[in-house]
Structures are given as structure tokens and as C-alpha cells.
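Trainee: I should like to learn how the terms used for a model are justified. May we examine the definitions together?

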Amino acid sequence: MSDKIYPVPADWAARAYVDKARYEAMYQASIEDPEGFWGEHGRRIHWFAPYTKVKNTSFAPGAVSIRWYEDGITNVAYNCIDRHLPERADQVAIIWEGDDPSEQKHITYQELHDEVARFANVLRLRGVEKGDRVTIYMPMIPEAAYAMLACARLGAIHSVVFGGFSPDSLAGRITDCGSKVIITADEGLRGGRKIPLKINVDEAIAIAGGVEHVVVVRRTGSPVNMVPGRDVWWHDAAALVTTECPCEEMGAEDPLFILYTSGSTGKPKGVLHTTGGYLVYVSMTFQYIFDYHGGEIFWCTADVGWVTGHSYIVYGPLANGATTLMFEGIPTYPTKSRMWEVVDKHKVNIFYTAPTALRALMQAGDEPVKSTSRASLRLLGSVGEPINPEAWEWYHRVVGDDRCPIVDTWWQTETGGALISPLPGATDLKPGSATLPFFGVQPELLDADGKVIEGAGAGNLVLKDSWPGQMRTVYGDHARFMETYFSAYPNRYFTGDGCRRDEDGYYWITGRVDDVLNVSGHRLGTAEVESALVAHEYVSEAAVVGYPHDIKGQGIYAYVTLMVGVEASDQLRKDLVTWVRHEIGPIATPDLIQFAPGLPKTRSGKIMRRILRKIAEDEHGSLGDTSTLADPGVVDDLVTNRLNKR
Ligand code: WT7
């Protein structure tokens, strides 16, 4: 924990929407009178028919129900596009920067309108209607945003699946939500390497079944297999339709999208977000947290396959009529200066990235940063995992030339938008702290017994009441929604994160307290990696834990027990790594695999992960009580053979 304080710069206090006094007044108002506060701020988006009800939410055990603006009628695509046309038709909405620095596009709001309307018409001609689910498996190209907005225009529910997921993972997500239509590209392109998206889609459809149409965007031009009657090229279909497509009238609580995310148990959950509250919340957090003023260039480096991309590449910026930059490539291609070269080339003012990228770039030294200007930058952001103070300081000093505040935004797929974050004109910064709650957000720290921790202290982070961007349910499984988030503590939303609060009321997220890993800012369930491992014919049992990793934040440490008669070898280790990558995707690549003749279990057969975590974290000197183990002897073997490559 760093005790350094970076006060709000004077020019920021003067020019920002919100200074310290205003933050306090607005925060108080939002807590004392949520109805009044959100009733007023809900009008920041356009409603075809205004709402008369604002908040109707309950966290009551067995009866969790979350509704915001429930009788309002609106459309997200209308708010992100059509509404801006009278004033901003010729303003750039999306700057696209290709993987190769020679490729870029500037898409105006008028062009965005035309492309999205065309895309919607292509989908409509393939039978897509309000409420239908459409799976989007795309690289970072403008058509990914067009596809999302086209669904929103029609009232279809999109499910974007990150292009790094395997055919198997994609198939599971297609099946779970029953998509009949998939939107993809021939291939993706990242760091000069091609990703076989269409091939993966074909494989996924073979597993999942039920898919009637595949719309394929041409990206690399490599030949792909097109199934007659099922597959169509986007450019062929788009040539046959007009740029006119009315926006469907959507109830505030009609679903907007599903996004699958990992939990501590079972398969990934389909997090469901709806229309009105989500848009109000992402649009408002975007404006205030990034202090966005018209004409500025905003760049969020996430992939649209994650919630950060949904909320802060597409919906938040476009709802504000902003110019949002979409980057296809990776931070280190073709050179280690790429990010900063893109900043200079497009005169980026606000830059939002993940600590893991910063730590990787930091290792390359200051020179690749210092060789660029970055004079356009005025604000920096961080998201996805706790940012260690060293990375924060480097970001501030080297990237921001000691001039740009850093907003460390804590949130989750489930929360829709940022919940704990500085406002740059209002909040003094402490490196490593996400600082203070956004308007309407009421964090609370509880100990294991559910006792409230007052003042400074540490505990499990819960939220006392709803905010408009909150997820509404797990798609198709409301019982799982209630069980996952509302059963640990009655009447509270449990985040799964541990957190400290200091004397100034600042929040310091310490990381997950459940069996969820955060690897390079990507969320992964230990159970998922375990089930991939045990699906291998030579594996009898597996237990997976996280361990501290210099770049990734957390690395994946797998303990694997082999079938009787199978010999442990380095080759088998490699085979298992390849296997997991194939089963889930490269983000699940185990960093370390330890072959273990036995796993530490209680007499009732439960694996004691606490012990495995300690061994992986190199803290086997403090294993705690092992007397309840069925066979305490296994621990000695685990400690002796622990792997120590970092
Ligand atoms: C988990 C949510 C937020 C969108 C991207 C990740 C961790 C996220 C921070 C932060 C410390 C953070 C938490 C959270 N996390 N942001 N600023 N400081 N931890 O969304 O995949 O749903 O993961 O990421 O552990 O629970 P996600």
C-alpha cells in the first residue's frame, strides 16, 4: 500500500464537470434520494416514451428483482447514433487503427448510421427479430461495433464471444442462449498473426447445432469454407439492402446483451444486461469518470469481447456522441512504442488500459515511451485488476509525464459500468486505490460472519443497494443469479472481491476471495481449467490455483494427478498445456503444471485449496492446520516437488 497522495491538479478542479464539493453533494443526494437522483439523470438519454417509475429493486432473499425506468421506452442504437445526426453527422464516431500501422479508417456518425442500418437489414432478412439471440465472434474491426448496434437497433440480444475462445467454448455459449445466427469474420489479425475465426465457427456449429445463418465479414481475404444456404458474405448481403431501418421500440427492461463470464463453479454464466438502466449508467460514468468533453479522442484498449469493450468502446462513448478509437492490434507490434505511436497519430486525449499491459510495457524500459510525444494525453485510466503502485507510478511519470491524473476504475461484468473510481477533478489519488464510490454506489465491507466493518478495515466487498447498470439475471437461470450473488450475505450483492478501506474512506481492492482467477485482467474459473484438464485421457484429477505473476498479475498453477500407469514427463506437460488451450483458449494456458501423486483432501474428500494456494504462492512455511487431512503425507510430496519458475 502506497501512502503517497496526488492532489487534484488546479486546472482539473477548474475545468472538470465535478470538483470535490460537487462530488460530495451529488453523492449525498444519490444516496439520500435515489429515486430523485436517477430520475433526473435518467433523462440524459432519449426516451421515445418517458418513464414514470424510476427504481423498483429488491435484494430480498429468494426474491431478487432489479428494474429501472421500467415503463420507459427507448432504443440503444437510436441513442448511440440517430440522436446525434442533426449535430454530428460529419463528426468521426469511430477511429479504427488496424493491426498494421498502415491501415486505418475514420467512420463518421452518418457512416455509422448507414452501416448499422444496413447490418440490421441483413439480419432482419435472415429472420432476426426482437428478443432473438445473435452470437458475435469477431476481431476488433468496425463491423464488430456495427453488428452489436444492429442487434440493438432490432431489439435482438447480442452475445459477443471473445475471438480468443476455442470452438468448444464458443459452442457452449451458442447453445446456452440458443443463437440461430452467428456473425464472424474469415480471420482475425493480431500482431501479424492470423486467427482462424471462421474455421472455429464451423467447428463450434458442428458441436452446438441449431445455427441457421452465418454472416461472414471479409478481413484478411484468406479462403474459407462457405456453406451454401447457411453462410453469406457480409459485403454481398449488404449490397442488396438499404440504409434505412427504423429503431425498434424497446422497454427499459428488455434485454440488450448477454456476456458470458466465469464464476467459481460450473460453466460460464450468461450475464444479462438490459436497455435503459445500462445505457444511463454507462453513459453517465463515461462522461464523469473520463470527464469527457466534446471533440476529445477516447481510446479504450480492451477487446469488444469483454464488458470493458461493450461499455467503454461502444455504448458509453457513442451514447455521449464521443469519438472512440478501436485498435485491432497488440501493444508490442510492430514495435514496443506502438501504443504511444497510436496516441500521437490520432491525438488521443484519454487513454484507458489494463495493468497487465502496463507491466509488460514497463519491462521494455522508458525509451519506447519517451521516444514519442504523447502531448495530446490529458487523462489515463486503469481497469481489470488491482494496479500495483510501481506500475501506477510508472504510468503517471513516464506515460503521463507527471501531468495526467489516473482513474483506477473498479467494476465487473456484472456491474455494467465502473462503481468505484476517482473523478479526475474531484478525487485526490493514491496509487493502487480505486478510491471512492460513484454516485448511487454504496459499498460495504463484511467479515466472514457477515458483521459490518465500520471505518478503516478489510473484508468482503458487498453493495447495499442497486444501481442502474447492474446485471438483471443469469440468462435462463434466475436461481443461479440469486445463489451466486445474493446468498452469501442476505440483502447484499456480493462482489467476490476482498477489499480494504483506509482512514480516508478510500477503497483498495485486494483481489478475488472466491475460486476465480484474474490472469492478465481476464477472468477465469479454476473449475473450468480443472474440468478441461480432467477431460484429458491421462488425467485422473486436477486442482488449479492462482499464484502471483509479475506480468499477468496471477498465473495458473495446476496440480495434476495422472491415471495409474501413466508416466509423468515434460512432453506430457506440454501436451496438457496444448490441450487446455484447445479446450478453452489461449487465455487459460497453465503456466505451471505439477504432477502430484495425491491431492490434499479432507476426510470427506474435499480438496483443500487453501493448502495448494499456499504452496503455489511459495508460502509453504505457513500452511496452517493440516490435521484434518485424510492423508497429511501428500503435503510433503507437494512441497518437495513444487515448481518455482516464474
Ligand atoms: C474482476 C471483474 C471491470 C471490467 C473488466 C474486468 C477485478 C476489475 C479492477 C480494479 C482491482 C479490479 C476484480 C473484479 N477488477 N477492475 N480497478 N482494481 N480489481 O471485468 O472480467 O468481470 O472481472 O476484475 O477482481 O471482481 P471482469
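Mentor: Let us begin with residue classes: Ala, Val, Leu, Ile, Met, Phe, Trp, Tyr, Cys and Pro count as nonpolar, Asp, Glu, Lys and Arg as charged, and the others, Gly among them, as polar. By that division, the shell around the ligand holds six nonpolar, six polar and five charged residues. The model is predicted: local features need pLDDT of at least 70 and side-chain atom pairs pLDDT 80 or more, while totals for chains, interfaces and linings use all residues. Residues are numbered from 1 along each chain as its sequence is written, and side-chain values use heavy atoms, with hydrogens and water left out.

Trainee: How many residues surround the ligand, and which are the closest?

Mentor: A residue is near a molecule if one of its heavy atoms lies within 4 Å of it. In this model 17 residues surround the ligand, and the closest are Asp408, Thr409, Thr413, Asp497 and Arg523.

Trainee: What makes the approach of aspartate 408 to the ligand a polar contact?

Mentor: A polar contact is a pair of N or O atoms within 3.5 Å; within protein, one must be able to donate a hydrogen and the other to accept it, and residues adjacent in sequence count only if both atoms are side-chain atoms. An N or O atom in the side chain of aspartate 408 is 2.7 Å from a nitrogen atom of the ligand, and therefore the pair meets the cut-off. A polar side-chain atom of threonine 413 lies 2.6 Å from an oxygen atom of the ligand. For glutamate 385, a backbone N or O atom lies 3.3 Å from a ligand nitrogen atom. The ligand taken alone exposes 550 Å², of which the protein buries 96%; such areas come from the Shrake-Rupley method with a 1.4 Å probe, and for residues only the protein chains shown count as cover.

Trainee: How do you know that the span of helix H6 is close to the expected one?

Mentor: Helices (H or I, at least four residues) and strands (E, at least two) are DSSP runs, numbered from the N terminus. The expected span of a helix is 1.5 Å times one less than its number of residues. Helix H6 (residues 109-125) has 17 residues and reaches 24 Å from its first C-alpha to its last, close to the expected 24 Å.

Trainee: Why is strand S15 called largely enclosed?

Mentor: Buried means under 20% relative accessible area, exposed over 50%, and partly exposed in between (1.4 Å probe, protein chains only). Six of the six residues of S15 (residues 269-274) are buried, so the rest of the structure largely encloses this strand. Its two faces are both covered, with Lys269, Val271 and His273 buried on one side and Gly270, Leu272 and Thr274 on the other.

Trainee: What makes strand S14 and S15 a pair?

Mentor: Two strands pair if DSSP finds at least two bridges between them. Six bridges join S14 (residues 255-261) to S15 in the antiparallel sense, and therefore the condition is met. Two bridges join S15 to S24, also antiparallel.

Trainee: Why is one side of strand S22 left without a neighbour in its sheet?

Mentor: Five strands form an open antiparallel sheet in the order S22-S21-S23-S25-S26. S22 (452-453) and S26 stand at its edges, each with a single partner strand, so one side of each lacks a neighbour there.
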